[in-house]
Amino acid sequence: MADIFYNYKNQLYANITNRCDCSCQFCVRTLKDGVGENNYLWLNGEPTLDEIKQEMDKVDFSQYEELVFCGYGEPTCALENLLETAAYAKEKYGMRIRLNTNGLANLYHKRNVIPELAKVIDTVSISLNAATAEKYQEITRPQFENAYPALLEFAELAKKSFKHTQLSIVDVLSKEEIAACQKIADDRGIYLKIRKFS
Ligand code: SF4
């Protein structure tokens, strides 16, 4: 099985699922099988809670302060394992927890899961990806028709629930699109991170 926990640019990541409810045009999974030193992040099936904990117990946490749930899939698709393992990392290893997400968990699970996430996650980074619903559908190709408004609602709820919430875009967007995304974030009082495309 591929590593569930991996180091990338001196940060510790948890790759707990390869499931995702989007099919983004730019997804790294369509370009290569891993990132950095981890050249294979395709899991051999969905790891169980026990398997994730066993792998976590092998990690040397001394060099990290934060555990980031990210990886080759959308972590909230594996919600129960995400909640349980985030709590485990927090309680046993005193880690701060960050979730990188597409912000569609409430649509995927057909309920508001933010209160559950907020109990164990400190920081949430939500991929905004586009300034309009039309462009979002084109770029991310989600399973849902109403994904973009759901993402914005998720971000607004997240802002009220997590210690730190940010929206993120990649700098491949045009200046006009970046400005429009900035306004979307500013209107909601949420920090916008503009990531370099790599
Ligand atoms: S949401 Fe993330 S994992 Fe899913 S397709 Fe998009 S970039 Fe890939």
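Where is Gly 36 found? In this predicted model, Gly 36 belongs to the loop that runs between β2 (11-14) and α1 (49-56). With a relative accessible area of 57%, the residue counts as exposed, because the cut-off for that class is over 50%. A long-range distance helps to place Gly 36 in the fold: its C-alpha atom is separated by 30 Å from that of Tyr 108, a residue 72 positions apart from it along the chain.

The neighbouring loop, between β1 (5-8) and β2, holds Asn 10. This residue has a relative accessibility of 66% and is likewise classed as exposed. Its backbone deserves a look as well, for the phi angle of Asn 10 is near 65 degrees, a positive value in a residue other than glycine. As general background, most residues other than glycine have a negative phi. Asn 129 also has a positive phi, of about 70 degrees, and is not a glycine either. Asn 129 is part of the loop between β5 (123-127) and α5 (133-140). Here the surroundings can be contrasted: Asn 129 is buried, with a relative accessible area of 8%, whereas Asn 10 is exposed.

Asn 129 leads on to Ser 168, since it is one of the residues that Ser 168 touches. Ser 168 lies in strand β6, which spans residues 164-170. Its relative accessible area is 3%, so it is buried, the limit being under 20%. Leaving aside residues up to four places away in sequence, the contacts of Ser 168 include the run Ser 125, Ile 126, Ser 127, Leu 128 and Asn 129. Leu 192, Lys 193 and Arg 195 complete the list.

Leu 128 also appears in the description of the protein interior. The largest nonpolar core contains 59 residues, and Leu 128 is among those with the most contacts inside it, together with Phe 5, Leu 67, Phe 69, Leu 117 and Leu 167. Apart from this core lies another, of 6 residues, among them Tyr 13, Val 35, Leu 41 and Tyr 72. Such grouping can be set beside a general tendency: in soluble globular proteins, nonpolar side chains tend to be buried together. Phe 5 has contacts with Leu 12, Tyr 13, Ala 14, Ile 52, Glu 55, Met 56, Val 59 and Leu 67, again not counting residues up to four places away in sequence.

Two of these partners, Leu 12 and Met 56, are also touched by Phe 61, along with Tyr 93 and Met 95, beyond residues up to four places away in sequence. Phe 61 is found in the loop between α1 and β3 (66-69), and it is buried, with a relative accessible area of 8%. From Phe 61 to Tyr 148 the C-alpha distance is 36 Å, with their positions 87 residues apart in sequence. Strand β1 also contains Asn 7, which touches Asn 38 and Tyr 64 when residues up to four places away in sequence are not counted. Asn 7 and Leu 31 are 24 residues apart in sequence, and their C-alpha atoms are 20 Å apart in space.

Finally, the ligand sits in the largest pocket. The residues around it are Cys 20, Cys 22, Ser 23, Cys 24, Phe 26, Cys 27, Arg 29 and Asn 102. By class, this shell divides into 5 nonpolar, 2 polar and 1 charged residue.

Definitions and conventions
Residues numbered from 1 in each chain as written. Predicted model: local features only at pLDDT ≥ 70, side-chain atom pairs only at ≥ 80, totals over all residues. Heavy atoms only, no water. Helix = DSSP H or I, 4+ residues; strand = E, 2+ residues; numbered from the N terminus. Buried < 20%, exposed > 50% of the residue type's maximum accessible area, 1.4 Å probe, protein only. Contact = heavy atoms within 4.5 Å. Core = buried A, V, L, I, M, F, W, Y, C linked by side-chain atoms within 4.5 Å. Near = heavy atom within 4 Å. 1 Å grid on protein atoms, 1.4 Å probe; cavity = no way out; pocket = protein on both sides within 12 Å on 5 of 7 lines; lining within 4 Å. Sits in = over half its atoms within 2 Å of the grid points. Nonpolar A, V, L, I, M, F, W, Y, C, P; charged D, E, K, R; others polar.
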